[in-house]
Amino acid sequence: MAEPTNTPMPPSTPVPASTPRSSSPAPPVPGLVSHVTQSTISTPSDAAVPRRPIVLHIGDPIKYNPKTYAEFSNAFEVIRPSAAERERSEFIRALKERRWGDFSAIFRPFWGTGGEMGRWDAELIGLLPDTVKVFASAGAGFDWADTKLLGEKGIIYCNSGLAAAEAVADFAVAMIISTFRHLPWCMTAATFPPRNPPSADTTHTDDDRAREAFQSCHVHATAASHNPRGHVLGLIGFGNIGQQIAAKMGNPAFGMRIAYHDVVRKPPSLEASLGATFHRTLDSLLQSADCVVLAAPASPDGQPLITAATLARFRRGARFVNVARGSLVDEDALANALESGILAAAALDVHAHEPRVHPRLVEMATRLLLPHGSNGNDERAPGPGRVMLTCHNAGGTVETHVGFEELSMRNILAVLRGEEPLTPVNLEYVRR
Ligand SMILES: O=CC(=O)O
């Protein structure tokens with residue numbers, strides 16, 4: 001889960017406190033979806049009534065914020081293309097035909113839907129009407145949209161990283177602990193042997209193998225485990241997510257020493273409040289960290305940051321966690337580093353070719369070597385349970401989704417009312 005550098009949000013508040021609120025109470029919502037025009041433009045029956053700005057709503061209907069949606073759908077004509085219309089070829093056809101009129105905003109409130117048309121590249125952006133002023137979306141990361149090109153066309157792109165920061169940081173905490181305590185090893189051993197497929201080993205019964213796996217893990221995983229306290233946590237990226245990870249893993253909770261590298265150094269007061277030490281270069285951070293966590297946006301050119309060259313700069317036996325983007329990591333180089341002992345453990349929520357997970361990393365996550373074949377008491381040797389793998393889950397909680405919806409609507413309301421957007425990411429490119 002990647003995100004830029006916004007101001008931190010108070011814990012468990014999905015939308016910033018500065019968010020403007022409607023001055024008058026929102027009218028009741030008879031049925032949320034009934035406010036939405038399904039992909040045809042209705043002509044106002046009374047020509048004297050000024051037409052409301054059109055918002056193109058891509059993806060599922062609003063689920064969590066009926067009050068804000070009532071305000072939103074009163075202010076705007078919301079058009080929601082069908083799932084078939086969101087497929088790229090039909091989407092392009094519709095844009096060319098101006099099927100949705102001169103819309104002013106694009107609204108994608110959910111993570112799991114609304115991305116069916118694929119990357120927002122020159123082909124799609126070039127077809128947008130000149131009336132579009134803002135694109136507000138769920139999600140912290142925005143590697144699926146060319147935000148520079150949107151900006152050059154005068155369109156402000158707003159992400160929802162603020163709404164996801166707490167969830168991602170919580171998940172990162174679990175992953176950091178996993179790398180210090182070898183949780184995949186503990187979990188695989190407790191359920192060993194896998195029930196399916198049946199083992200080819202005919203000399204040991206499943207019961208023997210289960211006991212052996214348990215005992216071996218009990219002895220060896222513990223001998224290779226460490227408390228995070230006193231170790232250096234090296235954060236690459238120190239926006240909302242990086243800062244929340246620091247707050248959770250530093251003092252007084254887990255007692256890790258916090259170090260970070262970011263393109264922009266944070267103010268001294270923030271560094272002091274989080275006990276964070278700035279490293280001007282990535283190299284310097286990598287050489288001092290016992291656990292490196294990626295919490296930075298994807299590179300604009302899609303190139304990895306964690307490569308064979310940068311892995312060679314890690315401290316030997318260090319740990320690595322990725323809650324940002326899979327494209328930031330050369331996964332072959334990472335697998336080599338785990339096998340050679342450069343890394344003691346890794347935890348990856350995001351993957352370079354989702355939904356596919358790198359097969360060598362899968363093998364390392366699930367393999368369990370029993371004592372006669374393992375080096376379980378050598379922390380640096382390749383061994384069982386070195387890798388925790390998850391399915392891009394870090395940001396995914398109900399609270400995050402509530403915040404995605406709310407923040408996206410608030411961004412559109414603000415921009416179309418001539419106010420400042422709450423969470424823009426591309427202002428440096430926007431001609432205004
Ligand atoms: O990866 C998740 C997000 O971008 O929010």
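**Exercise 1.** In this predicted model, determine how strand 5 (residues 134-137) is joined to strand 4 and which residue stands opposite V134.

*Solution.*
Step 1. Take the pairing. Strand 4 and strand 5 run parallel, joined by 4 bridges.
Step 2. Find the residue. V134 in strand 5 has A105 opposite.
Step 3. Add another partner of strand 4. Strand 2 (residues 54-57) pairs with strand 4 in the parallel sense, over 3 bridges. There, H57 has F107 as its bridge partner.

**Exercise 2.** Sort the side directions of strand 4 (residues 105-108), and decide whether the residues are buried or exposed.

*Solution.*
Step 1. Split the residues. A105 and F107 point one way, I106 and R108 the other way.
Step 2. Apply the cut-off: buried means under 20% relative accessible area.
Step 3. All four residues, R108 among them, are buried.

**Exercise 3.** Work out the strand order of the open sheet of 7 strands, and explain why strand 9 and strand 13 each have a side without a neighbour.

*Solution.*
Step 1. Write the order: 9-8-7-10-11-12-13, with parallel pairing.
Step 2. Look at the edges. Strand 9 (276-278) and strand 13 (387-389) each have a single partner strand, so one side of each lacks a neighbour in the sheet.
Step 3. Add the twist. It averages 20° from one strand to the next.
Step 4. Check one pair. Strand 7 (residues 232-236) and strand 8 (residues 257-261) run parallel over 5 bridges. Here G234 has A259 in strand 8 as its bridge partner.

**Exercise 4.** Identify which strands helix 9 and helix 13 lie across.

*Solution.*
Step 1. Helix 9 (residues 240-249) lies across strands 7, 8 and 10, at about 170° to strand 7.
Step 2. Helix 13 (residues 331-340) lies across strands 11, 12 and 13, at about 140° to strand 12.

Conventions
Residues are numbered from 1 along each chain as its sequence is written. This is a predicted model: local features need pLDDT of at least 70, side-chain atom pairs count only at pLDDT 80 or more; totals for chains, interfaces and linings use all residues. Side-chain values use heavy atoms; hydrogens and water are left out. Buried means under 20% relative accessible area, exposed over 50%, partly exposed in between (1.4 Å probe, protein chains only). Helices (H or I, at least four residues) and strands (E, at least two) are DSSP runs, numbered from the N terminus. Two strands pair if DSSP finds at least two bridges between them. Axes are lines fitted to C-alpha atoms, for helices over the stretch in contact, and angles run from 0 to 180 degrees between N-to-C directions. Contact means heavy atoms within 4.5 Å.
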